Amino acid sequence: MIEARHLRVLRAVASTGSFSAAARELGCTQPAVSQQMKALEGSAGTPLLIRTGREMRLTEAGEVLVRHASGILAGLTAAEEEVAAIAGLRAGRVRLVSFPSGSSTLVPTALAALRAAHPGTRVSLVEAEPPRSIEMLREGDCDVALAFRYGGGSPGRPGDGQAEWDDLVVRPILADRLVGLVPEGHRLAGAGSVGMAELADESWIAGCPRCRRQLVDVCEEAGFTPRIDFATDDYPAVVGLVGAGLGVAVLPELAIESVRPRGARTVAVEPAVEREIVALTLPDLAKVPAVAATLDELTRAATRA
């Protein structure tokens with residue numbers, strides 16, 4: 001294997017014409033230069049220099065290696081500088097995946113602060129709900145996943161598709177409470193809080209598949225099975241359907257923050273149900289400064305929201 005340090009010695013010998021001059025240029029001893037040249041010739045499997053008295057010239061193989069050495073060493077230097085830049089947050093790239101209501105509330109605030117503090121760091125964003133976002137993280141398709149789970153951090157229920165997160169770095173962001181959403185003219189629109197059982201006879205509008213399962217669980221705990229007439233992954237559509245008087249819904253507060261609930265009123269629901277918003281990454285990625293800075297800004301964004 002040809003080593004970069006040996007290429008540097010060969011280039012110095014070729015440019016200066018002797019081992020002693022190369023040693024002075026490299027700041028080492030002449031025997032050290034000689035030893036490294038022998039090692040390089042051993043790796044190459046052919047002589048690279050011809051010594052005739054006090055003169056020294058390159059063999060054909062030596063000339064080829066010197067010609068390539070400049071490009072190799074230049075590329076290595078550029079790589080070293082780029083890595084140093086990433087390590088120092090002068091540059092860097094972070095691939096972020098987020099669920100939609102997080103993308104419209106927490107993510108913009110976090111990325112604006114990150115850009116202001118570290119303008120060389122680039123962040124890309126794609127949207128995916130858990131558990132797909134967690135799969136993307138484990139498969140190497142993203143560096144940070146903004147995700148959520150119900151049940152106060154307990155492992156996912158059977159059939160939920162959510163694996164435990166023991167192998168991940170979990171950064172808690174906020175507890176996002178579910179709130180009720182009813183039409184403005186609804187009998188409970190002015191209530192301070194509403195028990196889930198009071199909504200047992202309503203027509204329901206459900207959100208994403210995991211939120212839908214959570215809705216069914218909460219309603220069954222209250223003693224009834226919800227009659228779901230409409231289901232959509234689009235939170236504005238849920239709000240629009242409620243506002244048109246077509247049913248009621250429960251949505252995370254974060255989702256409602258990103259939508260203007262025209263024609264609809266929010267009410268607190270009892271018992272309280274929260275989903276845990278977290279930022280996830282892999283242990284090795286957590287050591288990368290750009291990733292660590294992204295996690296920090298996502299955490300701060302929750303206090304600014």
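This short presentation covers two helices, one pair of strands and the cysteines of the structure shown above. Please bear in mind throughout that the model is predicted.

I begin at the N-terminal end with helix α1, residues 4-16. At 1.5 Å a residue, its 13 residues should span 18 Å, and the end C-alpha atoms are indeed 18 Å apart, so the two values agree. Which residues of α1 are buried? They are His 6, Leu 7, Val 9, Leu 10, Ala 12 and Val 13. As general background, an α-helix has 3.6 residues a turn, so residues three or four places apart point the same way. Just after α1, Gly 17 adopts a positive phi of about 90°.

Helix α2 comprises residues 19-26. The axes of α1 and α2 lie 8 Å apart, and the two helices pack at an angle of about 120°. The angle is over 115 degrees but not over 145, and α1 is therefore oblique to α2. The crossing of α1 past α2 is right-handed.

I turn next to the strands. Strand β6, residues 169-183, pairs with β10 in the antiparallel sense, over four bridges. Within β10, Pro 252 is the bridge partner of Leu 178. Strand β10 covers residues 249-252. Ala 249 and Leu 251 point one way from this strand, Val 250 and Pro 252 point the other way, and all are buried.

Finally, the cysteines. Are Cys 208 and Cys 211 buried or exposed? Cys 208 has a relative accessible area of 3% and is buried. Cys 211, at 10% relative accessibility, also counts as buried, because the cut-off is under 20%. How many disulfides are there? With sulfur atoms required to lie within 2.5 Å, the count is zero.

Notes. Residues numbered from 1 in each chain as written. Predicted model: local features only at pLDDT ≥ 70, side-chain atom pairs only at ≥ 80, totals over all residues. Heavy atoms only, no water. Buried < 20%, exposed > 50% of the residue type's maximum accessible area, 1.4 Å probe, protein only. Pairing = 2+ DSSP bridges. Expected span 1.5 Å × (residues − 1). Axes fitted to C-alpha atoms, helices over the stretch in contact; angles between N-to-C directions. Parallel < 35°, antiparallel > 145°, perpendicular 65-115°, else oblique. Left-handed = near helix turned anticlockwise from the far one by under 90°.
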